[in-house]
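Reader: I am new to this structure and would like a close look at a single part of it. Please start from one residue and work outward to the rest.

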Amino acid sequence: MVVPAPAPGSAPAAAPIEHSAHNHDVGPAGSTYDLRWLDAMVQHHTGALRMSEFVFDIGVPGVGSLAKDIWRDQAQEIKAMGQWRKAWYPEAPVYPVALKAGGDPNSMDSLERMGAAQIQTMQMTGSTPTRATRVTWFLEGMIPHHGGALVMAHDALKKSSNPTIQRLARQIIVAQRREILELRRMLRHDGLDKPEYDQFDALFSF
């Protein structure tokens, strides 16, 4: 397949991040749900930090500052989630966990160490941009990445009874909605407006 060269003045084509196979389900409700959700969201946020770092100080108006805002906010949430995990689950292993296939969602014995493939799935980092493509790579890739956080936040609103988790989930929905709208605005400024940019709009409210 031959990829056409970008038109003069247009944004370089970026290799897309493959998100279609990503599964953000952390399993059914139960006494270990909050632990599983925290571990998954920490990994997901870590992916956002790594994506954002590609465009720090890039010199494109607005892009670097947005990336730094995303990095700052999600790093703060990672720190908070780590503190909650220690307070609520002192008996949990230090490594991130997931529910075993067919496991009991109410039993710590049914948890296993999150595998490398699961971590990559949660982080949603499957490609690396070039210097020429990193702006579009970041702007386009962060929309489905934020969409994954929206899916997980809504899952927590349905399955968690912890008011702190519920509050964080609502904060995530508000922040991801605001940032997705800004990402789309920046993409339109570069002449890009694709139907898939709107695929998470149904998750903007709670």
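Reader: Is serine 107 buried or exposed, and what does serine 107 touch? Please go on from there to the parts around it.

Author: Serine 107 counts as buried, because its relative accessibility is 17% and the cut-off for buried is under 20%. This is a predicted model, and the values below are computed from it. Serine 107 sits in the loop that runs between strand E1 (97–99) and E2. From there, its side chain reaches the backbone nitrogen of aspartate 109 at a distance of 3.1 Å. Leaving out residues up to four places away in sequence, serine 107 touches Ser31 and Thr32.

The next element to look at is helix H1, which covers residues 33–53. H1 has 21 residues, and 19 of them are buried, so the helix is mostly covered. From its first C-alpha to its last, H1 reaches 30 Å, close to the 30 Å expected at 1.5 Å a residue.

After H1 comes a loop that leads to helix H2 (63–88), and aspartate 57 lies in that loop. The side chain of aspartate 57 meets that of lysine 68 in a salt bridge, with N and O 2.8 Å apart. Lysine 68 belongs to helix H2, so this pair ties together parts that are eleven residues apart in sequence. Aspartate 57 counts as exposed because its relative accessible area is 64%, over the 50% cut-off. Lysine 68, at 37%, is partly exposed.

A second salt bridge joins glutamate 140 and lysine 194, whose closest N and O atoms are 2.9 Å apart. Glutamate 140 lies in helix H4 and lysine 194 in the segment after helix H5 (163–189), so here the tie is between parts 54 residues apart in sequence. Glutamate 140 has a relative accessibility of 16% and therefore counts as buried. Its partner, lysine 194, is partly exposed, with a relative accessible area of 30%.

Helix H4, residues 134–159, also holds valine 151. Valine 151 counts as partly exposed because its relative accessibility is 38%, which falls between the 20% and 50% cut-offs. Beyond residues up to four places away in sequence, valine 151 touches His24 and Leu203. Valine 151 and leucine 203 are 52 residues apart in sequence, while their C-alpha atoms are 7.4 Å apart in space.

A further salt bridge lies within H4. The side chains of aspartate 155 and lysine 159 meet at 3.0 Å, N to O. Both residues are in helix H4, four residues apart, which is about one turn of the helix. An α-helix has 3.6 residues a turn, so residues three or four places apart point the same way. Aspartate 155 counts as buried at 15% relative accessibility, whereas lysine 159 counts as partly exposed at 27%. Salt bridges with shared partners join Asp25, Asp155 and Lys159 into one network. Counting salt bridges as a side-chain nitrogen of Lys or Arg within 4 Å of a carboxyl oxygen of Asp or Glu, the total comes to eleven.

These parts belong to a protein with five helices and two strands. Read along the sequence, the elements follow the pattern α-α-β-β-α-α-α. Of the 206 residues, 48% are buried. The protein exposes about 10,500 Å², and carbon and sulfur atoms supply 55% of that area. Among contacts between residues at least 6 apart in sequence, 72% join residues at least 24 apart.

The predictor's confidence remains to be described. The mean pLDDT of the protein is 90, and 89% of its residues reach 70 or more. Among the elements, strand E2 (residues 111–113) has the highest mean pLDDT, at 98, and helix H3 (residues 116–123) the lowest, at 91. Over residues 1–21, pLDDT stays under 50. For that stretch, the model has 24 contacts beyond four places in sequence.

Terms used: Residues numbered from 1 in each chain as written. Predicted model: local features only at pLDDT ≥ 70, side-chain atom pairs only at ≥ 80, totals over all residues. Heavy atoms only, no water. Buried < 20%, exposed > 50% of the residue type's maximum accessible area, 1.4 Å probe, protein only. Contact = heavy atoms within 4.5 Å. Areas by Shrake-Rupley, 256 points an atom, 1.4 Å probe, with all protein chains shown as cover. pLDDT = per-residue confidence, 0-100. Polar contact = N/O pair within 3.5 Å; in protein donor to acceptor, adjacent residues only side chain to side chain. Expected span 1.5 Å × (residues − 1).
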